[in-house]
Each structure stands twice: as C-alpha cells, then as structure tokens.
Amino acid sequence: MPVTDAPAKARALYDARRTRVPIPPFTDEDPTLGMADGYAVQRELIDLLLADGDRIIGHKVGLTSKPMQKMIGVDSPDHGPVLASTVYRDGDTVPLDRFIAPKIEAEIVFVLGERLQGPGVTVTQAHAAIAGAVAAMEIVDSRIVDWRIKLADTVADLASNGAMATSSRIVPLAGIDSRLIGMTLTRNGELIDTGAGAAALGDPVAVVAWLANVLGENGVALEPGHLVMTGALHAAVPMTAGDVFRAEFDRLGPITVRVA
C-alpha cells in the first residue's frame, strides 16, 4: 500500500532504521512533496525514537555547502536532531552493519555554552553563545534506497543523519576565525580530501545563527551543552570495513574513526 500520511511515512522510516532495509523515496509516489512535508514526517519520526528512550543532545545542519545545495536543488540548509544513541568518540570503532549505505564527512561541531533562541539571532550573538569547537566526523546514512533522495526525503529522514564522532577537547573560539580552520582527511593513511570552515555557509558560526532562528520559529531553543554540527567541508566518502579515517583540523586537532 502506498504511504500517504506523515505518521505512516515516519513509521516506514523507523522500521527501515531498525531492519536496515531501505525504502523507496516518498517523492517517487508524490513528486510535489517539499520541505514542509519532510519536517512533518521528521517530527513524527522523532517522537517514535524518543519513545524508545533516546534523547536529543543537539542538532545537525545539512546542505550548508553550495555543491550540496545544487545537487539537491535548494538554496538553504536543512536540519535534524542529534540523538544520544548515535554519538561516538575519537578513536572509536564504528560497526558498518549499524547502517545501510554510510558515508563519512569531516566537519566542525560547536558546543553551546549559553541558551540561544531566535528569531533575530545574529552571527555575533551566536559566536558569544558558543563555548567552543570540536573536531568531528559525521556518518551520513540514508534509509532511502540507493540514496535516491530529494529534499522532502532527506528532511524526513532526519537530514540523512546516521551517527557522529567528536574529539574530547573543546577549543574556545577566542582568537579563532572558524572560516579559516583548515582540514585534511585521510583514509588508511592516504590523503583523500581537504576543506576549510568557510565551506559551511561561508562561516560555521553563521550556521548556528541560522539554526537558532529556524528553530526559534517553532519555539525551540539551542540549550547549553547542545552540539551543533555545521556541515561537511568536503564531498562525502563511502565507508567500507577495515577503513581508518583521520581528519586533522587546524587549531582543533585530529579525530580518528575506525570501521568494523
């Protein structure tokens, strides 16, 4: 039977997360679905996951680079929750069978020090509310078959979030221009990509301001301790068993993820 309503779409994604069996894109059945439809499904899916005992510890922002926006056909980012059950630490081993079609992205993650709620949040205010930055990698995954996603599909699917890994050292932003934080990514010791903070919406701190303003429209605030994932600094890289990924960030240091 075709999935037609938000609760049923959310249940289909929930089941796909549990079984690791991807589902067809919702936009195959209804090409008119857009961002608002995606967020309606996302809210239902979050309710299902929280009912299982998970909790939200922050937010990811996706589609922050121009190439990704062009690929999906949008001109603004999207967002989804970061769930406590999806967080790894530097050096951890990530089991490949937890995911369907995972890819890895190096990015800058901020830790909030003060409550931040829009609308009207400026980049300066966002900067003041950030306790510091950590080196991080996001594992993106899609519960949609073959990554055949359009905007409504990825938004519904928690912005294609799979997991994340962060370094333990929080680096204060005093004297740091996060736009200029450089990054190198290696796989099994070989350089595969580079990037800089400016790839994320021109300024990773601007990502925090954008998120605070978008969430604020629904009465949601960024809370102290929340993590904000600011978006990939390079093209996503497929993961295979045995891979060892290491991202080294200027000022923030390295982070390593092993794939089992």
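User: Which residues does Leu-50 touch, leaving out those up to four places away in sequence?
Analyst: Leu-50 touches Arg-55, Ile-56 and Leu-83, where contact means heavy atoms within 4.5 Å. One caveat: this is a predicted model, where local features need pLDDT of at least 70, side-chain atom pairs count only at pLDDT 80 or more, and totals for chains, interfaces and linings use all residues. Residues are numbered from 1 along each chain as its sequence is written, and side-chain values use heavy atoms, with hydrogens and water left out.

User: OK. How far apart are Leu-50 and Leu-83 in sequence and in space?
Analyst: They sit 33 residues apart in sequence and 8.9 Å apart in space, C-alpha to C-alpha.

User: And where does Leu-50 lie? Buried or exposed?
Analyst: Leu-50 is in helix α3, residues 35–51. Helices (H or I, at least four residues) and strands (E, at least two) are DSSP runs, numbered from the N terminus. Leu-50 is partly exposed, at 33% relative accessible area; buried means under 20%, exposed over 50%, and partly exposed in between, using a 1.4 Å probe and protein chains only.

User: Switching to Asp-157. Where is that one, and is it buried or exposed?
Analyst: Asp-157 is in the loop between α6 (151–156) and β7. Its relative accessible area is 0%, so Asp-157 counts as buried.

User: What does Asp-157 touch, again skipping residues up to four places away?
Analyst: Leu-13, Arg-17, Asp-141, Ser-142, Arg-143 and Ile-144.

User: Now the cores. How many residues does the largest nonpolar core have?
Analyst: It has 47 residues, and those with the most contacts inside it are Leu-116, Met-137, Leu-222 and Phe-249. By nonpolar core I mean a set of buried Ala, Val, Leu, Ile, Met, Phe, Trp, Tyr and Cys residues joined through side-chain atoms within 4.5 Å.

User: Which element gives the largest share of this core?
Analyst: α7, with eight residues. Apart from this core lies another, of 24 residues, including Ala-10, Tyr-14, Leu-83 and Ala-152.

User: So Leu-83 turns up again. How much of the whole protein counts as buried?
Analyst: Of the 260 residues, 53%. The secondary structure comes to seven helices and 13 strands.

User: What radius of gyration does the protein have?
Analyst: The protein has 17 Å, which agrees with the value near 18 Å for a compact globule of 260 residues. That radius is taken over C-alpha atoms, and the globule rule is 2.2 Å times the number of residues to the power 0.38.
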